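Please open the model in your viewer and keep the selection tool at hand. The stops below go from the whole chain to single residues.

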Amino acid sequence: MALTKENLGQLIAIQEADASLDKVKADMDKIPVFIANLRQAIEDEKGKASDLKNKLLSLEKKKKEKELELAQKEEAAKKHGGELNSVKTNEAFKALQLEIERAKAQGSDIETEILQIMEDLDKVRKDEKAAAAVTAVEVKKLEAEISAHDGRLAGLKAQFDGAKAKRDELAGPIPADAMKIYNHVRSRGKLDAVVAIEGENCSACRITLAPQVIVEATKAKALVCCESCQRIIYRPEALAAKAV
Ligand SMILES: [Zn+2]
């Protein structure tokens, strides 16, 4: 596959451009993870507030239940009070009085419970208010961090796009089949797709290259690949010779 020395130099420049593009891309890829973590932190913050809200709702529900229970006791005492006039025997009268006292005593206990619930409600309402203030501050802080990351991502994206355009410009003069091999080697995880020959060895996989391969690479008139690792290989001396 024909390839000029100039093309080889361009391939090396593309490789450098791709290495910096990869770095920018890696930085870009981290940002959505940071943002997702921050969004989760916001949800957690809001969750804390909703825990207190639930506690408040359950106390309010309990208060209503107790108030209903109290009303029932009061109703019972009142009903028995009315019945006192119509009882015939002393025992029945005493039994009713006992019922009335019991209902009143139970009512008084329930009132004490309601007072306690109201105290708890006051406390939880205060806690909720304080927590809401803290949550608001925290959420604002986290949102500011997210927007800083968004800004950084936009900056990196612009940097990436600019560098990518330059890289593609470099690729313009290179024969398509050579680019195909370069991209193929890179896509297999060998990011250093173009490597120098050191003495008689491929500098990447260290295999000793066949003399014919070195001769071809020295001519620098065709694309030469390492027979072991498939990377594109070149002789730095051959490239330098062109410059002289
Ligand atoms: Zn090799």
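What follows is a tour of selections, with a short account of what is found at each.

**Before you start.** This is a predicted model, in which local features need a pLDDT of at least 70 and side-chain atom pairs count only at pLDDT 80 or more, while totals for chains, interfaces and linings use all residues. Residues are numbered from 1 along each chain as its sequence is written.

**Select the whole chain.** The chain holds five helices and four strands, where helices (H or I, at least four residues) and strands (E, at least two) are DSSP runs numbered from the N terminus. Read from the N terminus, the elements follow the order α-α-α-β-β-α-β-β-α. The radius of gyration, taken over C-alpha atoms, is 42 Å, well over the 18 Å that the globule rule gives for 244 residues, so the chain is more spread out than a compact globule; that rule is 2.2 Å times the number of residues to the power 0.38. Along the principal axes, the C-alpha atoms fill a box of roughly 130 × 35 × 25 Å.

**Colour residues 20-171 and 176-243.** These ranges are domain 1 and domain 2, with bounds that come from an automatic or database domain assignment. The C-alpha centres of the two domains lie 66 Å apart.

**Select residues 5-83.** This range is helix α1. Its 79 residues should span 117 Å at 1.5 Å a residue, and its end C-alpha atoms are 117 Å apart, which agrees; the expected span is 1.5 Å times one less than the number of residues. Within α1, the residues L8, L11, I14, D18 and H80 are buried, meaning that 20 or more other C-beta atoms, placed from the backbone, lie within 10 Å of a residue's own (12 or fewer count as exposed, and the values in between as partly exposed).

**Select D122.** This residue is found in helix α2 (residues 90-171). Is D122 buried or exposed? D122 is exposed, because 11 other C-beta atoms lie within 10 Å. Now add Y182, which is 60 residues from D122 in sequence and 71 Å from it in space, C-alpha to C-alpha.

**Select the four strands.** They form an open sheet in the order β2-β1-β4-β3, with mixed pairing; two strands pair if DSSP finds at least two bridges between them. β2 (201-202) and β3 (224-225) stand at the edges with a single partner strand each, so one side of each is left without a neighbour in the sheet. Strand β1 (residues 194-198) and strand β4 (residues 232-234) run parallel and are joined by three bridges; V194 stands opposite I232, and V195 has I233 as its bridge partner. β1 and β2, in contrast, run antiparallel and are joined by two bridges, with E198 partnered by N201 in β2. These two strands form a hairpin with two residues between them, and G199 in the turn has a positive phi of about 65°.

**Finish at Y182, V194, I232, I233 and Y234.** Of the 21 residues in the largest nonpolar core, these five touch the most other members; such a core is a set of buried Ala, Val, Leu, Ile, Met, Phe, Trp, Tyr and Cys residues joined through C-beta atoms within 7 Å. At least two residues of this core come from each of α1, α3 (176-187), β1 and β4. Which residues does I232 touch, not counting residues up to four places away in sequence? I232 touches L11, I181, Y182, V185, A193, V194, L223 and C225, contact here meaning C-beta atoms, placed from the backbone, within 7 Å.

How values were computed: Contact = placed C-beta atoms within 7 Å.
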